[in-house]
Amino acid sequence: MANADATPVLELTGIGKEFGAIRALHDVDLQVFPGEVVGLMGDNGAGKSTLVKIIAGNFRPSHGEIRFAGNAVHFSRPIDARAVGIEVVYQDLALSDNLTAAANVFLGRELKRKFGPIALLDHKAMAARALELFGELRSETRPDDLVKQMSGGQRQAVAIARTRLSNARLVMMDEPTAAISVRQVEQVLGLIHRLKEQGVAVMLISHRMPDVFAVCDRVVVMRRGEKRADKAIHQTSPEEVTALITGAKEAA
Amino acid sequence: MAMPMESPISFTNIGRIRWWQRGIFASQTGYVLLALAVLLVVMHFASPYFFTEGNMQNVAKNFSFIAIATLGVTFVIITGGIDLSVGSMMCFSAMITSMVMTELSAPGSPAGALFVHMAADGKTVVANVPGLILVVSVLAGLGVALIAGLVNGFCIAVLGLSPFVTTLGMLSIVRGLGYVVSNGRGSFPGGPDANYFYAATSGDVLGVPVPFIYLVILALAMAVVLHHTSFGRHVFALGGNEKAAELTGIPVVRVKIEVYVICALAAGLQGIIISGWLGSAPANMATSYELNVIAAAVIGGANLAGGIGGPLGAIVGCVLLEVIRNGLVLAQVSSYWQQTLVGVIIILAVLVDRIRSRMT
């Protein structure tokens, strides 16, 4: 749970973003603490995706400051965000269909063995580590199978396994439970619990109220580019969150 | 941050894919290889000359003349791009190579003075290491290919132009430059190193044509690069899902530029080899070869949509094209039919693959 003394892993102050004349985000303050699961909710166009993309380094904010683990950071590319320990599971999962599960997990940070000046891929080690990660996720996924031939849940597992490779301190999940089966939703929520136990902060971007109330410690509601609510989960209710999302209730 | 494994995974619902449904057996390359084997058997019975040593050497040599460029263009096709400038690139590289060789071998010219001098009896004598002129001129030929490849890659990866349009433009630019530098006449390898040049491009070692040896070495190198290096992995990832490749931090721009450079270098090398066999680099050399090269890659299983392809497929495609051409000649069919047949085979190969992927 959020600890008042701890340094927030992520701290946003006055974040704003304009695309030409369109104001996508306005003056958003947000803190996320280690081991905390924060649900980020809002209707389409509320600014959730823009906020996530700013934190992930896809966009640079027009205003405001991002501090990660106490230090001010400026991301110009997604790799910069990844380097400090921010991982994102994208809604479309960002998988290459023509590659195997293990290849996708290690995409961009392959394990290699040196043979003199030549570094060749270490297929065995990557497959073994991927199998271990799938084991943790309890997903029946073979590292050598092509992603093309996989079910939605398996694909999700591959995308999540990727975030487990590094020592991520903040994992953002964009609609991880939108297109998978009930059993797999349970698995994903289970994984979020396990990330939390490890002290990893999780931001869950979701439309599914039951999932948010099942795993989150805190819920943040966005509407029209502004943060309208930031409440501990036991101090609010699905009805109130719905009202905040739709605008029936202005702020809380 | 290792999490303890709570229970080993059991694969109760996920079956293992059978060996004949994966890898090469399930690929277009596999089917085309099978078709090629059948064709070879048919040819054997159709013509007693087909499997003679002379004809086999001929076939090996002829398909090697487009296969090295096909390896290069396969890299580009795997990333989901296309390079139409390979034919022109072959010609231009070959032309620059022979022009530099001739220039360096002329005792009177300023550059030539470094490499040759005139002996008392009026013969040209090499001033330093034999073969140096050859090396310098081949490097010059590959150098211009490198530059053209960099320009292709820069326009496509950095400026975001479409590969089709960029390389179509480059096709014309490079061909035009070839006419400009040679005044439309082409050029000929000359000087004291010309014999080395012919030996290195169209000779043979123990009965095996040299171009075929180059091809085998390059194909093996390509297989290692594609399947056992992170660069190869990134090439496939780029063709599978470019956006994903970018999000996972793959240096997309660099990989793209690299594949166009590799393709240009392969085309340049191919052109230099062809000019050794022809004994000259005429300005209209290798015109429309890009179509043969791309056709061979596609027949061999490289997918123009990206993400699929490899050296074996490239070679199989080239061999199939050459065996058909050779077979038509042996069967005394008009060689004009060749093009028509090649077109039919391209469509058939892709069609069979489509039907197969619909069935599974």
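I began with the hairpin that strand 7 and strand 8 of chain A form, and noted two residues between these strands, with A:G116 in the turn showing a positive phi of about 65°. The model is a predicted one, which I keep in mind for every entry here.

I then looked up how the two arms pair: strand 7 (residues 112–115) and strand 8 (residues 118–121) of chain A run antiparallel and are joined by four bridges, and in this pairing I found A:K112 opposite A:L121 of strand 8.

Next I traced the open sheet of chain A, whose six strands follow the order 6-9-10-3-11-12 with mixed pairing. I marked strand 6 (86–89) and strand 12 (226–232) of chain A as its edge strands, each pairing on one side only, and I noted an average turn of 20° between neighbouring strands, direction ignored.

Within this sheet I checked strand 3 (residues 37–42) and strand 11 (residues 218–223) of chain A, which pair in the parallel sense over five bridges, with A:M41 standing opposite A:V221 of strand 11.

I went on to the helices of chain A. Helix 1 (residues 48–55) packs on the sheet and touches strands 3, 6, 9, 10 and 11, its direction making about 145° with that of strand 9 (170–174), whereas helix 8 (residues 238–246) lies across strands 3, 11 and 12 and runs at about 25° to strand 11.

Last, I turned to the contact between the chains, which takes 28 residues from chain A and 27 residues from chain B. On the side of chain B that touches chain A, helix 9 (230–240) and helix 10 (242–247) of chain B each supply at least two residues, and helix 9 gives the most, with six residues. I sorted this side of chain B by class into 15 nonpolar, 10 polar and two charged residues.

Conventions
Residues numbered from 1 in each chain as written. Chains lettered and ligands numbered in written order. Predicted model: local features only at pLDDT ≥ 70, side-chain atom pairs only at ≥ 80, totals over all residues. Contact = placed C-beta atoms within 7 Å. Nonpolar A, V, L, I, M, F, W, Y, C, P; charged D, E, K, R; others polar. Pairing = 2+ DSSP bridges. Axes fitted to C-alpha atoms, helices over the stretch in contact; angles between N-to-C directions.
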